[in-house]
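Student: I'd like to go through this model and ask what stands behind the labels. Can we start with the helices and then move to the sheet?

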Amino acid sequence: MAWLIRALLASGLSLDEIVKREGVDTRSLGRPDFSMQVRDFQALFEWAAAATGDPILGAHIAEHVTIADFQMLGYLLVNSPTIGEWLRNFERYHGIFARDSQVRLSADRKVLSVEYSPDVASDIEPRQDILFSVAALIVNIRRHVRPDWAPASCHFTMPPPPDLGDLERILATRLVFHQKTNGFTVPARDLDIPIAGADANLLGILREQAELIIRSHDDDEGIVHRVRLIIAANIANSEFGFEEAARILDVSVRTLHRELGASGTSYRRIREGVVHQLASEALLGSKASITSLAFRLGYSETSAFTRAFTRIEGLSPKAFRQTKGIIGDPRE
């Protein structure tokens, strides 16, 4: 939820105000993988809307989030070949980013309906969560298709805000309130519109990792396997490290270090293996630039990725791709 904290600070709220909210752990607030229970997240979002006097704060925040904020899920979506595939991948894989919600697609001959249902605490109406989720999906599809793209309609269970103007601007379509579900519809003719820059081969690689993460939600496998999945899920986050992995596993850093050592490995070796596997598959299976791959694998500088890959493989990423018979972008 680090993206939400950044957005609330940008909206004018102070850090002191935010950390006073129930459910916000001040010890982990600065961590890039900071997370909250769904009720606390929704309560914070609703409080922030009231504190800022912005009844559609969620939609306003959605205008500024990027695909990188959604980590692996975001890269899955932008590498989908069409709008229809983007939405089908969102239905299948949204749980790797937010497990406490449901997404359902339904279609007829004219439109595809996308329905979003967050888990709801009995005492909270999650208006901002709903507005954010619907708007973020629409805004990011628009960014990767064309500036004037819009769904056929948007529908919400909530009553309308006092002023519809800004919400209509963001969603750019007909808005209907007091409905049974939350979501939007896409004309059937738009489902084959291509996503600019999508890489089908890279999508296949990301899907394999996402499927492993989904299966791991209900599995109780060995510690090394679980650490690999956690690293893969946070691979784009350059600040994600050993302490964050231990927190997700609900063990102490010392315990995790001991358990990995007993398995004959370490966090660093596991991470290097995950990065090397993903990098090798992407270099051979896609035409994505080396700079782009470095960013997606959590490196802020291409040179750092090149050094790490070369140390393990004995070849630079460019040489590895060329040696294996796929020539990348000559500008790399």
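Tutor: Sure, and keep in mind that this is a predicted model. Let's begin with α11: among the elements covering its buried residues are α10 (223-233), α12 (253-262) and α13.

Student: Which residues of helix α11 (residues 242-249) are called buried, and what makes a residue count as buried?

Tutor: They are Glu244, Ala245, Ala246 and Leu249. The label needs a relative accessible area under 20%, so these four residues of α11 fall under that cut-off. Just past the end of α11, aspartate 250 takes a positive phi of about 60 degrees.

Student: How do you know that the length of helix α13 (residues 267-285) agrees with what a helix should span?

Tutor: Take 1.5 Å times one less than the number of residues. For the 19 residues of α13 that gives an expected 27 Å, and the end C-alpha atoms are 27 Å apart, so the two agree. As for burial in α13, the list includes Tyr267, Ile270, Arg271, Val274 and Leu278.

Student: What makes α5 roughly antiparallel to α6?

Tutor: Helix α5 (residues 71-78) and helix α6 (residues 83-93) pack at about 155 degrees, with their axes 8 Å apart. Angles over 145 count as roughly antiparallel, so α5 and α6 earn that name. On the α5 side the contact is made by Leu73, Leu76, Leu77 and Val78, and on the α6 side by Trp86, Asn89, Phe90 and Tyr93. The crossing is right-handed.

Student: On to the sheet. In what order do the five strands come, and why are β1 and β4 called edge strands?

Tutor: The order is β1-β2-β5-β3-β4, in an open sheet with mixed pairing. β1 (101-107) and β4 (174-176) each pair on one side only, which is what the edge label rests on. From one strand to the next, the twist averages 20 degrees. Helix α7 (residues 127-145) packs on this sheet and touches β2, β3 (153-155) and β5.

Student: How do you know that β2 pairs with β1 and with β5?

Tutor: A pair needs at least two bridges. β1 and β2 have seven, while β2 (residues 111-118) and β5 (residues 183-187) have five, so both meet the cut-off. Both pairs run antiparallel. Serine 106 has serine 113 of β2 as its bridge partner, and valine 111 has proline 187 of β5.

Student: What makes β2 largely enclosed?

Tutor: Six of its eight residues are buried, so the rest of the structure largely encloses β2.

Definitions and conventions
Residues numbered from 1 in each chain as written. Predicted model: local features only at pLDDT ≥ 70, side-chain atom pairs only at ≥ 80, totals over all residues. Heavy atoms only, no water. Helix = DSSP H or I, 4+ residues; strand = E, 2+ residues; numbered from the N terminus. Buried < 20%, exposed > 50% of the residue type's maximum accessible area, 1.4 Å probe, protein only. Axes fitted to C-alpha atoms, helices over the stretch in contact; angles between N-to-C directions. Contact = heavy atoms within 4.5 Å. Parallel < 35°, antiparallel > 145°, perpendicular 65-115°, else oblique. Left-handed = near helix turned anticlockwise from the far one by under 90°.
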